[in-house]
Amino acid sequence: MVQGHRLSLTILTGVAVDGAGNVYVADESNHRIRKITFCSETTETITANVCDTYTSPSGRHTWFVTGIYKDTIPNAAGCDSILTINLTVIATPIVTVSTLAGSGTSWLYRWYRDIGSV
């Protein structure tokens, strides 16, 4: 039995390769001719400057500190695309503003600065 990402073949009765390198197998148990596509892993590097946190492109990770991280997402062919993320996390300062005259109430503000497009 040959098992793939989305396919199970049990009785193979023939294999052929065309001029473009595509592989075809005769799947007798399912009465079909199957085209087998071989995946190529791709890699990409991303540089990101963010405030406080960063969520990976796959959505599986959230990072809070500067570092170099890895993430995997499917590429256009459905194969793994390995991302290297050079991440700079900029902590936003917390500033306390005290009232010197008036009600005596103290407020806590968090200032965000624009660091440009990510």
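Select His-61 in this predicted model and display the residues around it. Setting aside neighbours within four places in sequence, His-61 is in contact with Tyr-54, Thr-55, Ser-56, Lys-70 and Asp-71. One of these partners, Asp-71, can be examined through the backbone: 10 residues separate it from His-61 along the chain, and the two C-alpha atoms lie 8.1 Å apart.

Where along the chain does His-61 sit? Colour the strands and follow the chain from β7 (54–55) to β8 (62–63); His-61 belongs to the loop between them. Now show the surface. His-61 has a relative accessibility of 32%, so it counts as partly exposed, since that class covers values from 20% to 50%.

Next, select Asp-52, which is located in the loop between β6 and β7. What is the phi angle of Asp-52? Asp-52 is not a glycine, yet its phi is positive, at about 70°. With the surface still displayed, Asp-52 is seen at 21% relative accessibility and therefore also counts as partly exposed.

Finally, hide the surface and select Ala-48, Val-50, Tyr-54, Trp-63, Tyr-69, Leu-83, Ile-85, Leu-87 and Val-89. These 9 residues form the largest nonpolar core. Two elements, β6 (42–51) and β10 (80–90), each contribute two or more residues to this core. Which element supplies the largest share? Colour β10 separately: this strand provides 4 residues, the largest share of the core. As a general background, nonpolar side chains in soluble globular proteins tend to be buried together.

To close the tour, keep Tyr-54 selected: this residue is part of the core and is also among the contacts of His-61.

Methods:
Residues numbered from 1 in each chain as written. Predicted model: local features only at pLDDT ≥ 70, side-chain atom pairs only at ≥ 80, totals over all residues. Heavy atoms only, no water. Core = buried A, V, L, I, M, F, W, Y, C linked by side-chain atoms within 4.5 Å. Buried < 20%, exposed > 50% of the residue type's maximum accessible area, 1.4 Å probe, protein only. Contact = heavy atoms within 4.5 Å.
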